[in-house]
Amino acid sequence: MTDVILHIYDVTNSGSDKTNNTIVNINKIFKDGIGLGGIFHSAVQVYGDDEWSFGFCEQGTGVFSCPSGQNPMYTYRESINLGRTNCSIFKVNQILRELSREWPGSSYDLLSRNCNHFCDQFCEMLNVSKLPGWVNRFANAGDAALEVAGNTAVRFKQAKTEIISASKVAYRFLLGATNNVISSPESTSNSNRGGTPRFQAAWFKNLITTGAKPSSSSEIGNQVEGTQQQQQQQIKANEETPILLNSRSQHDM
């Protein structure tokens, strides 16, 4: 058995002293001040004086080692004892070889596959405690935000598809209702009370086929005026129809 030590650094490799100082101050406020988290690099020490971590490279594995607490790219912050592992040194070497294959440097991602994610998996395979939540909280929050955004985009796309499908069904219904209107004064008055099916069908057809927004008020007024003229002509024709029916019934009597 041996101790497993987590070494934590402030990420100060931006190349700008101003940016590096800002990151250090952010870590002091969010981690030291309120215990929320910060921007950190981590590495695991087990058997020997070296620590193991993960980083980006174009080719080969991203797993690397350096003397514990002495990574020259970052500013050392603190170490945490994560417990004792029952793994032998031979078993630890096997684990590191396996991780070296599974973690190529080209797969590095700041939010979803960084050094802290690697250390988490390494510690899990060593059967010790995983990293404290504050070490990688900022990256996890950013990754969760991206996932939520992606899911929201998918839901909007699904909603759009459902709206278009519903519009097509409504258009077919209104078109059928228009074709089956009974030419009588009663049906005409009913249609006046319930709106203008032909106008509604035309509006849905325009929405589906061109994706255009509803017509402007002037266009709607012109369409309604044309529809009213058609209805007045239909009413006039219907008023003549009962007269013919009455004269025929008197002849039959």
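**Exercise 1. Is Phe54 buried or exposed?**

*Solution.* Phe54 counts as buried, with 2% relative accessibility. Here buried means under 20% relative accessible area, exposed over 50%, and partly exposed in between, for a 1.4 Å probe and protein chains only. The model is a predicted one, in which local features need pLDDT of at least 70 and side-chain atom pairs count only at pLDDT 80 or more, while totals for chains, interfaces and linings use all residues. Residues are numbered from 1 along each chain as its sequence is written, and side-chain values use heavy atoms, with hydrogens and water left out.

**Exercise 2. Describe the aromatic pair of Phe54 and Tyr108 and its surroundings.**

*Solution.* Step 1: the rule. Rings of Phe, Tyr and Trp (its six-membered ring) pair if their centres lie within 6.5 Å; planes under 30 degrees apart count as stacked, over 60 as edge-to-face and the rest as tilted.

Step 2: the geometry. The rings of Phe54 and Tyr108 are 5.8 Å apart centre to centre, with 35° between the planes, and the pair is tilted.

Step 3: the location. Phe54 belongs to strand β3 (residues 50-54) and Tyr108 to the loop between α2 (89-102) and α3, 54 residues apart. Strands (E, at least two residues) and helices (H or I, at least four) are DSSP runs, numbered from the N terminus. Tyr108 is partly exposed, at 28% relative accessibility.

Step 4: the cluster. Phe54 and Tyr108 form one aromatic cluster with Trp103, Phe118 and Phe122.

**Exercise 3. Which parts of the chain does the pair of Tyr9 and Tyr74 tie together?**

*Solution.* Step 1: the pair is tilted, with 6.1 Å centre to centre and 55° between the planes.

Step 2: Tyr9 lies in strand β1 (residues 2-10) and Tyr74 in the loop between β4 (63-67) and β5 (75-85), so the pair ties together parts that are 65 residues apart in sequence.

Step 3: Tyr9 and Tyr74 are both buried.

**Exercise 4. How many disulfides does the model hold?**

*Solution.* Step 1: a disulfide is a covalent bond between the sulfur atoms of two cysteines. The criterion is a pair of cysteine sulfur atoms within 2.5 Å.

Step 2: the count is 0 disulfides. For Cys119, the nearest cysteine sulfur is that of Cys115, 6.2 Å away. For Cys123, the nearest is that of Cys119, at 6.3 Å.

Step 3: Cys119 is buried, with a relative accessible area of 0%, and Cys123 is buried with a relative accessible area of 0%.
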